[in-house]
Amino acid sequence: MAEVGRAAISDPGALLPRGFWAAVEVWLERPQVANKRLCGARLEARRSATLPSAEACGPGTSAGPEQKERGPGPGQGYPGGGPDPRPPSGPKQGTAFCESEEAQGQCQQEEAQREAASAPLRDPGHPCHAEGGEGDFLAADLDSLWDDLSRSLARGNSKLLAFLTCSGAGSQPEAQRELDVVLRTVIPKTSPHCPITAPRREIVVQDVLNGTVTFLPLEEGDEGNLTVKMSNVYQIQLSHSKEEWFISVLIFCPERWHSDGIVYPKPTWLGEQLPAKLARWCVQNRKSGFKSTLSLVSIMKYSKAYQELKEKYKEMVKVWPEVTDPEKFVYEDVAIAAYLLILWEEERAERGLTARQSFVDLGCGNGLLVHILSSEGHPGRGIDVRRRKIWDMYGPQTRLEEDAITPNDKTLFPDVDWLIGNHSDELTPWIPVIAARSAYNCCFFVLPCCFFDFVGKYPRRQSKKTQYREYLDFIKEVGSACGFHVEEDCLRIPSTKRVCLVGKSRTYPPSREASVEEKRTQYINGRRARPESPPGRGLAPSPPQVALGSTGHCDAHQALVAGVGCVAGAQAAERGSGPQAGGSWLPGFRPREKAERVRNCAALPRDFIDQVVLQVANLLLGGKQSNTRSYRNGSVKTWNRGESLSLAEVASALDAETLRALKRECGGLQTLLRNSHQVFRVVNGRVHIRDWREETPWKTKPPEAKRRLLSEARKTRLCWFFTHHPDGCALSADCCPFAHGPAELRLPRTPRKKIP
């Protein structure tokens with residue numbers, strides 16, 4: 001065997017060796033975090049086991065590199081050399097017999113660390129713990145594979161046994177101890193450029209007390225039997241030497257290693273990239289507050305569906321007519337559509353249904369998600385308060401409606417299977433309510449983004465959670481109050497807000513609908529006491545702060561023809577304490593305005609912007625920090641570059657009326673100053689006068705399109721410094737890209753329209 005790489009670990013706060021097993025958990029369950037060519041992994045089964053007894057094995061083999069002091073296994077904290085403090089094996093397999101108090105404490109530590117290593121595999125919601133059916137078959141499969149491997153080791157495969165136990169040259173393996181054995185399936189990404197699409201299985205052996213994890217890939221023989229692929233066996237070790245911890249990666253047969261570039265990377269990657277990532281994960285010491293990605297659907301099915309949809313709809317990127325980033329929005333909606341298609345496919349299989357689910361996307365935006373789902377055979381439509389240009393490109397088969405949704409008895413969908421809220425803003429907390437009141441079989445899927453309550457912005461209340469985590473918990477609370485079993489999952493989309501909430505089953509039988517509706521109404525009315533603010537506006541802080549700052553599906557086609565369902569008087573009367581038919585469920589709700597208002601300071605009056613820019617510039621120039629710099633043409637001039645001030649200091653110098661005008665814009669004062677790029681630099685919350693002598697020229701030749709734009713924009717605007725700065729412009733007229741006086745002004749060319 002050979003060591004192909006190692007990485008040292010700094011251990012602040014004594015996080016090791018527990019942190020090592022947390023890092024191993026990531027590599028076991030989410031290898032795609034490190035290896036981007038993988039889609040994920042599934043832990044199929046686990047068991048406890050022991051290696052064959054030393055008497056049954058032949059002589060050992062060389063361990064390759066020099067023998068390092070084995071890092072204290074979990075629970076062993078000896079700082080440097082000295083004998084291994086592990087107690088001898090006792091009368092009970094996997095448990096040491098301790099007589100002294102010191103030894104007893106050591107045993108308790110070892111047992112605690114053994115539990116820490118195996119705990120990640122005991123998640124009852126994980127696929128490998130399914131009861132009955134496939135789970136039992138896979139557990140039996142693992143038992144059979146391990147029995148075969150144990151017999152092979154006992155019959156004379158001493159080299160592999162020595163590799164598993166880290167035995168030295170000519171030494172015998174240590175006394176039997178308990179191991180954690182996992183059957184894992186590694187799933188590669190499905191791609192037309194990658195010929196390998198079949199998942200690969202492997203046995204993972206965790207030697208908790210010895211601090212090693214060994215990966216034994218499995219391959220299918222000529223007769224269909226699974227055997228260990230000896231050429232691709234590797235091991236991750238935690239070691240301790242001279243007061244330093246480090247992680248090593250060793251390959252059993254480096255000369256026979258076969259790399260496919262996907263499931264089995266090159267040895268250089270295993271030796272350089274993997275140990276470095278594991279070492280970083282070891283000391284992060286923070287547990288994510290979110291679930292692993294795609295925990296509610298089959299990863300293999302999702303990967304296949306995503307690649308197919310991505311290939312099918314990739315042309316949308318080239319013809320995207322909106323001003324938003326086409327790649328982000330197209331591939332994000334493709335990923336969401338793939339997730340929903342697999343979620344719905346598994347729902348049909350679970351309930352024994354054949355008809356495809358119908359849906360309504362509330363706040364559908366650009367409508368691409370509706371277009372993809374409809375094209376894939378699911379009847380549905382999207383509703384948004386504002387029509388988008390791209391809607392005309394989809395064709396008549398994609399049903400998109402321009403309308404405002406106000407939660408009341410007239411906006412129910414009794415014949416629709418699923419309600420979707422994809423970044424639905426002020427409608428997000430209402431979607432579980434609308435689904436619950438539409439029909440008992442109606443389900444919901446929401447992907448929360450902006451933080452809205454039933455009326456206005458959601459006020460943060462818990463400082464111990466992130467605002468995002470707190471808001472997700474609020475939406476889950478709403479779903480639970482509406483009678484749903486709410487499940488959480490994390491999507492694989494190019495967004496920081498990628499946690500979705502799914503409600504596809506109820507916590508009560510249909511006969512209890514009236515009593516649940518009464519509690520539902522009480523919950524919603526109980527939120528009336530919360531502070532209210534219109535959509536798009538937060539609570540009003542002080543001006544300086546703002547300036548900174550269930551038998552089957554219905555006939556889906558008939559449901560969609562019927563339009564927005566209106567519950568009859570009998571259903572409205574059934575709710576009793578609920579709102580009257582046609583009335584608003586909670587006074588104060590305001591749907592988003594149809595005309596999207598520009599709030600990036602660009603629509604502010606020109607005189608107002610010029611006044612703020614001049615006032616801030618004079619404030620900075622009052623610092624009198626002059627300096628002498630050379631021109632690019634060789635001349636020398638003293639020029640006042642002013643001082644730097646924090647945004648808070650600048651805001652405190654502005655009058656209250658100016659701050660009130662700025663607080664209505666996104667980003668407030670900071671946005672206005674960043675827009676005035678010619679005059680200011682805003683870096684790390686501090687405002688500086690821009691010194692154009694320090695602007696670094698292009699290190700490489702800019703692209704042709706960039707050069708053309710720079711050429712066309714030159715001298716089309718007046719130089720602010722030439723007109724307003726006490727020392728004039730720091731650049732000469734021929735070097736300055738702006739016009740020094742009206743005589744130099746050029747008319748800007750009319751920008752060419754984008755061709756869809």
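This passage goes through aromatic pairs, a helix contact, some backbone angles and an annotated region in a predicted model.

Some ground rules come before the details. Because the model is predicted, local features need pLDDT of at least 70 and side-chain atom pairs count only at pLDDT 80 or more, while totals for chains, interfaces and linings use all residues. Residues are numbered from 1 along each chain as its sequence is written, and side-chain values use heavy atoms, with hydrogens and water left out.

Aromatic rings are a good place to start. Rings of Phe, Tyr and Trp (for Trp, its six-membered ring) pair if their centres lie within 6.5 Å; planes under 30 degrees apart count as stacked, over 60 as edge-to-face and the rest as tilted. That rule gives 23 aromatic pairs. In one of them, Trp430 and Phe454, the ring centres sit 4.6 Å apart with the planes at 65°, so this pair is edge-to-face. Trp430 and Phe454 are 24 residues apart and link distant parts of the chain. Trp430 belongs to the loop between strand S12 (418–422) and helix H10 (431–438), and Phe454 to the loop between strand S13 (443–447) and helix H11 (467–481). Helices here are DSSP runs (H or I, at least four residues), as are strands (E, at least two), numbered from the N terminus.

How much of these two rings' residues is left accessible? Buried means under 20% relative accessible area, exposed means over 50%, and partly exposed is in between (1.4 Å probe, protein chains only). Trp430 has a relative accessible area of 0%, so Trp430 is buried. Phe454 comes out at 1% and is buried too.

A second pair brings in Phe451 and Tyr471. The centres of these rings are 5.2 Å apart and the planes meet at 55°, so the pair counts as tilted. Phe451 sits in the loop between S13 and H11, whereas Tyr471 is in helix H11, 20 residues away along the chain. Phe451 is buried at 14% relative accessibility, and Tyr471 is buried at 0%. These four residues turn up together in one aromatic cluster, made of Trp430, Phe451, Phe454, Tyr458, Tyr471, Phe474, Tyr523, Trp585 and Phe589. Phe452 is also in the loop between S13 and H11, and Phe452 is buried, with 1% relative accessibility. The C-alpha atoms of Phe452 and Trp430 are separated by 9.8 Å, with the two positions 22 residues apart in sequence numbering.

Next comes helix packing. Two packed helices are described by the angle between their axes and the distance between the axes. Axes are lines fitted to C-alpha atoms, for helices over the stretch in contact, and angles run from 0 to 180 degrees between N-to-C directions. The axes of H16 (residues 606–621) and H19 (residues 668–675) come within 11 Å and cross at roughly 90°. That makes H16 roughly perpendicular to H19 (under 35 degrees counts as roughly parallel, over 145 as roughly antiparallel, 65 to 115 as roughly perpendicular and the rest as oblique). On the H16 side the contact (heavy atoms within 4.5 Å) involves Phe608, Ile609, Val612, Val613 and Val616, and H19 supplies Leu669, Leu672 and Leu673. The contact residues divide into 8 nonpolar, no polar and no charged; here Ala, Val, Leu, Ile, Met, Phe, Trp, Tyr, Cys and Pro count as nonpolar, Asp, Glu, Lys and Arg as charged, and the others, Gly among them, as polar.

Val613, in helix H16, is buried at 5% relative accessible area. Leaving out residues up to four places away in sequence, Val613 touches Leu672, Ser676, Val679, Phe680 and Trp720. The C-alpha atoms of Val613 and Ser676 are 7.6 Å apart, although the residues are 63 apart along the chain.

On to the backbone. Most residues other than glycine have a negative phi. Leu294 has a positive phi of about 55°; Leu294 lies in the loop between helix H5 (267–282) and helix H6 (299–313) and is buried at 3%. His423 also has a positive phi, near 55°. His423 is in the loop between S12 and H10 and is partly exposed, at 23%.

Finally, UniProt lists residues 713–743 as "domain: C3H1-type" in an unreviewed entry, and the annotation "zinc finger region: C3H1-type" covers residues 713–743 as well. UniProt positions follow the numbering used here, feature names are shortened, and annotations may be inferred rather than shown by experiment. Over residues 713–743 the chain is 19% helix and 0% strand, with the end C-alpha atoms 16 Å apart.
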